[in-house]
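Subject: Structure handover

Hello,

Here is the structure I said I would pass on. My notes follow below it.

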Amino acid sequence: MVLLGHMRNILPAVQQTLRQRHFHTSTVVSKTQSGRYKVTINKDRPLTYEMANPPHYLAHRKSWNSWNTSNIKDGNRPSETAIEDMFIRQFMTGTWHNLFASEVIIKRQHNIIRIAGIITRAIMPYKIYFLTGYTEELLSYWLQCPVKVELVTIDNKKEVIFKYI
C-alpha cells in the first residue's frame, strides 16, 4: 500500500518533467545565415567574386561555374561525379601547391572535363607548361576522358580580391 501511494506522488512529477523536456517554445527566427560571410569590425576580410555573391544569386551569377552534362542518358551517376570532382580538386591542390588564387572550377561538357582557375606567377613559365601537360595527361588517363586545363595567371593573390567585408 505504501508503495502504491509513493508511485502516485512520483507519477505527476514524471509527467511534468516529460512535458517540460519535449515541448519547446521559442520565437521563430527567419534568418538565412548559411553561405554568407560575417562582416568584421574593421572590414578587413577579403572576398573573391565567387565568395562575395550570396547564395540566392547562385543560379544567376555563378551558373557558369557548375556546367555539368554528365547526368544525361548513360552518363555518370551524381555520386560518381561528386567523388570525381573531389578527387580533381584534391589533385589540383596537391599538384599546383600554393599557386591557385581562386577556386578550382570544374566544367563537364559532353565527354570533356575542363578545369579552370587563376594561378599566381610564382614559378617559371616552363614549369607551368609542364604542370599543365602533366595534369591533363594523368587526369585523362585516370578519368578515361579528355581533360583540358585552362589557367589565367596574375602577379599576386591580392588581385583576385573583389571586396572587403
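**Contacts and overall make-up**

Of the contacts in the protein chain with a separation of 6 or more, 62% are between residues 24 or more positions apart. Please keep in mind that this is a predicted model. The protein chain has 165 residues, and 28% of them count as buried. Its exposed surface comes to about 12,600 Å², with carbon and sulfur atoms supplying 59% of that area.

Five helices and five strands make up the list of elements in the protein chain. Their pattern along the sequence is α-β-α-α-α-β-β-α-β-β.

**The sheet**

Three strands form an open sheet in the order β2-β3-β4, and the pairing is mixed. The edges are β2 (105–109) and β4 (147–154), each of which pairs on one side only. On average, neighbouring strands of this sheet are turned by 20° against each other, direction ignored.

The two pairings can be taken in turn. Strand β3 covers residues 112–120 and runs antiparallel to β2, with five bridges joining the two. Within β3, Ile113 stands opposite Arg108. On the other side, β3 and β4 run parallel and are joined by eight bridges. Thr120 has Ile154 in β4 as its bridge partner. Between these two strands the chain passes through α5, and the resulting β-α-β crossover is right-handed.

Helix α5 spans residues 125–143 and lies across β3 and β4. Its direction makes an angle of about 150° with that of β4.

**The core**

Which residues touch the most other members of the largest nonpolar core? They are Ile88, Met92, Trp96, Ile113, Ile115, Leu139 and Leu143, out of 17 residues in that core. Two or more residues each come from α4 (78–95), β3 and α5. The largest share is that of α5, with four residues. As background, nonpolar side chains in soluble globular proteins tend to be buried together.

Ile113 is worth listing in full. Beyond its neighbours within four places in sequence, Ile113 is in contact with Ile88, Ile106, Lys107, Arg108, Leu143, Cys145, Pro146, Val147 and Lys148. Among these contacts, Ile88 and Leu143 are also in the group of core residues that touch the most other members.

**Two residues with positive phi**

Most residues other than glycine have a negative phi. Asn98 has a positive value, with phi near 60°. This residue sits in the loop between α4 and β2. Is Asn98 buried or exposed? Asn98 counts as exposed because its relative accessible area is 56%, and the cut-off for exposed is over 50%.

Gln144 also has a positive phi, near 60°. Its place is the loop between α5 and β4. With a relative accessibility of 64%, Gln144 is exposed as well.

**Where to look**

If you open the model with only a few minutes to spare, I would start with β3. This strand is joined to β2 by five bridges and to β4 by eight, and β3 is one of the elements that give two or more residues to the largest nonpolar core. After that, go to α5, which lies across β3 and β4 and gives that core four residues. The loop residues Asn98 and Gln144 can be checked last.

Regards

Conventions. Residues are numbered from 1 along each chain as its sequence is written. This is a predicted model: local features need pLDDT of at least 70, side-chain atom pairs count only at pLDDT 80 or more; totals for chains, interfaces and linings use all residues. Side-chain values use heavy atoms; hydrogens and water are left out. Two strands pair if DSSP finds at least two bridges between them. Axes are lines fitted to C-alpha atoms, for helices over the stretch in contact, and angles run from 0 to 180 degrees between N-to-C directions. Contact means heavy atoms within 4.5 Å. Buried means under 20% relative accessible area, exposed over 50%, partly exposed in between (1.4 Å probe, protein chains only). Accessible areas come from the Shrake-Rupley method with a 1.4 Å probe; for residues, only the protein chains shown count as cover. A nonpolar core is a set of buried Ala, Val, Leu, Ile, Met, Phe, Trp, Tyr and Cys residues joined through side-chain atoms within 4.5 Å. A crossover is right-handed if, with the strands pointing away from the viewer, the path from the first strand over the helix to the second runs clockwise.
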